[in-house]
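Colleague: I have just opened this one and would like to go through it with you. Could you start with whatever I need to know before reading the annotation?

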Protein chains: 2
Amino acid sequence: MTKQPVADAPTHHGNPGNGRKYRPGRIRERNREKILQAAEQEFAQHGYKGATIQNIAERAGLPKSNVLYYFSNKKRMYSAMFDDILARWNKVFTDIRPEDDPAVALSTFIRTKVEMSRRYPLASRLFAMEIIQGAPFLLDHLRTNMREWVRGRAEVMQQWIDDGRMTPVDPVQLIFLIWSSTQHYADFQVQILMVENKAEYEKRDFDHAADFLVEVILRGCGLEKPT
Amino acid sequence: MTKQPVADAPTHHGNPGNGRKYRPGRIRERNREKILQAAEQEFAQHGYKGATIQNIAERAGLPKSNVLYYFSNKKRMYSAMFDDILARWNKVFTDIRPEDDPAVALSTFIRTKVEMSRRYPLASRLFAMEIIQGAPFLLDHLRTNMREWVRGRAEVMQQWIDDGRMTPVDPVQLIFLIWSSTQHYADFQVQILMVENKAEYEKRDFDHAADFLVEVILRGCGLEKPT
DNA sequence: CGGACTCCTGAACAAATGGACAACAAGTGA
DNA sequence: TCACTTGTTGTCCATTTGTTCAGGAGTCCG
């Protein structure tokens with residue numbers, strides 16, 4: 001009797017005994033990854049409703065049934081993706097502290113975000129799609145984690161302002177400005193390429209963009225570009 | 001014999017003869033509008049593939065067949081929407097000229113775009129969706145009209161820079177910065193509301209945002225906020 | 001009213017969709 | 001080898017989807 005197996009529930013169902021030779025998840029892990037990557041493309045391009053399991057399967061080079069063996073349904077596949085993406089996101093973003101130099105901290109923040117746009121454009125678009133659609137899956141995350149995240153950073157910036165180390169500007173709006181302007185290079189890639197008449201991005205385009213943003217935004221906050 | 005009628009081809013098929021009493025398109029015009037508005041919601045929320053005619057019909061309070069009477073198929077409905085939106089867009093945006101004051105021109109540009117985000121958030125999201133999806137319908141528009149539009153403005157800005165009326169910054173990047181930061185308030189509405197812990201936008205939120213953007217971006221370009 | 005339109009819509013349909021499932025194949029530890 | 005777990009996939013199904021179509025209702029003018 002081949003009951004519907006464990007499927008997607010245990011994301012990394014750790015080795016029960018020890019960690020020696022037997023790894024039940026080898027194939028699992030590899031295929032999961034393949035599927036998630038395919039899903040990232042499909043969902044980023046068509047949104048949740050527009051994406052089809054069939055298409056994801058084709059992108060991954062697997063039969064549909066096999067995809068459904070790993071992720072028992074579309075919804076779970078979708079949220080599994082965001083688990084991955086948010087984890088990656090959290091790993092990269094460093095804290096800022098009141099004693100940091102505002103110019104250095106902001107410029108690092110901007111450059112990191114541009115780098116994220118360059119390295120993970122699909123994740124960025126996916127996130128954008130989810131938000132535009134009303135964030136049905138991420139509402140909770142926005143309401144809790146992200147709100148706290150913004151408040152934390154905003155407080156530090158306010159500290160800088162109170163200490164006279166930065167021109168007074170609304171810190172929350174500043175965060176929005178940095179978010180939007182940096183993500184734009186990933187989300188609106190096609191538009192930018194068309195307008196600039198290029199076939200594809202090069203590394204230097206991102207460097208140029210990052211330089212521009214650091215310069216303008218820092219000056220906009222009354223700061224000097226750090227060396 | 002009731003052949004499939006004219007359907008969507010003649011957008012405003014003008015009154016042949018005179019313009020006195022008989023207007024064959026009255027109902028047509030009204031329903032077209034209802035449907036396009038419903039379509040705007042649906043497409044903005046779910047993207048092209050994810051939107052369904054059934055849903056659009058329900059939003060418009062009409063039977064599906066009736067919707068298809070006005071727009072013979074999904075594709076045409078989608079592009080009819082963009083015709084409307086781009087027309088509206090073109091109507092609003094004023095030219096800038098080399099003899100204009102940079103500070104005034106830029107601040108007008110920013111405020112106009114924020115106002116657009118406030119008044120037509122659905123159009124903004126729709127546009128964002130289309131671009132993220134790879135702009136299958138707007139590629140041509142981007143390649144021609146929009147590219148020219150950007151080049152024209154960028155040239156004027158470059159003129160300002162050459163005349164020493166503005167700090168040297170890449171004008172094209174500056175346009176991207178203004179686009180992204182202003183649209184963000186429409187496209188990422190949910191995120192902003194969640195982070196700021198608000199139920200919905202108020203007029204003053206947009207005023208505040210516009211003030212912030214004008215201040216920071218102008219200062220970032222070495223300009224004084226105009227009175 | 002009559003006739004010529006414009007407009008409306010239920011029914012039907014082929015294709016696509018998310019998902020269930022059972023039979024089968026492969027891998028694993030003893 | 002065997003017993004068991006894990007992985008694979010073709011097939012089936014109820015719904016949903018875009019689209020067609022034929023007939024009917026509504027509107028307008030003479």
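Modeller: A word on the annotation before anything else: UniProt positions are given here in the numbering used for this model, feature names are shortened, and an annotation may be inferred rather than shown by experiment. Please also keep in mind that the model is predicted.

Colleague: Fine. Which residues of chain A does the "DNA-binding region" annotation cover?

Modeller: According to the UniProt record, which is an unreviewed entry, the "DNA-binding region" covers residues 52-71 of chain A. Over that stretch the chain is 75% helix and 0% strand, and the C-alpha atoms at its two ends are 13 Å apart.

Colleague: And chain A overall, how many helices and strands are there?

Modeller: Chain A has ten helices and zero strands, so that, by the definition of helices and strands used here, the order from the N terminus reads α-α-α-α-α-α-α-α-α-α. Of its 227 residues, 36% are buried, and among the contacts in chain A with a separation of 6 or more, 69% join residues 24 or more positions apart.

Colleague: Let's move to the interface. How many residues of each chain are in contact?

Modeller: On chain A there are 46 residues in contact with 46 residues of chain B. The elements of chain A that give two or more residues to this side are helix 1 (26-50), helix 6 (121-132), helix 7 (139-162), helix 8 (171-187), helix 9 (189-196) and helix 10. Helix 8 of chain A provides the largest share, with eight residues, and by class the side of chain A that touches chain B divides into 24 nonpolar, 13 polar and nine charged residues.

Colleague: At what angle do helix 10 of chain A and helix 10 of chain B pack?

Modeller: Helix 10 (residues 203-220) of chain A and helix 10 (residues 203-220) of chain B pack at about 115°, with their axes 7 Å apart, and the crossing is right-handed. The residues that meet are V216(A), I217(A), R219(A) and G220(A) on one helix and V216(B), I217(B), R219(B) and G220(B) on the other; by class, this contact has four nonpolar, two polar and two charged residues.

Colleague: Which residues touch the most other members of the largest nonpolar core?

Modeller: That core has 105 residues, and those touching the most other members are L106(A), L213(A), I217(A), L106(B), L213(B) and I217(B). If neighbours within four places in sequence are left aside, L213(A) is in contact with I110(A), V114(A), S181(A) and T182(A).

Colleague: Backbone next. What is phi for N197(A), and for A135(B)?

Modeller: N197(A) has a positive phi of about 55° although it is not a glycine, and phi of A135(B) is near 55°, also a positive value in a residue other than glycine. As background, most residues other than glycine have a negative phi. N197(A) lies in the loop between helix 9 and helix 10 of chain A, while A135(B) lies in the loop between helix 6 (121-132) and helix 7 (139-162) of chain B.

Colleague: Are those two buried or exposed?

Modeller: N197(A) is exposed, because it has 9 other C-beta atoms within 10 Å, whereas A135(B) counts as buried because it has 21 C-beta neighbours inside 10 Å.

Colleague: Last one, where is D83(B) found, and why does it count as exposed?

Modeller: D83(B) is found in helix 4 (residues 74-92) of chain B, and it counts as exposed because 11 other C-beta atoms lie within 10 Å. Its C-alpha atom is separated by 37 Å from that of T227(B), which is 144 residues away along the chain.

Technical notes
Residues numbered from 1 in each chain as written. Chains lettered and ligands numbered in written order. Predicted model: local features only at pLDDT ≥ 70, side-chain atom pairs only at ≥ 80, totals over all residues. Axes fitted to C-alpha atoms, helices over the stretch in contact; angles between N-to-C directions. Left-handed = near helix turned anticlockwise from the far one by under 90°. Contact = placed C-beta atoms within 7 Å. Nonpolar A, V, L, I, M, F, W, Y, C, P; charged D, E, K, R; others polar. Core = buried A, V, L, I, M, F, W, Y, C linked by C-beta atoms within 7 Å. Buried ≥ 20, exposed ≤ 12 C-beta atoms within 10 Å, placed from the backbone.
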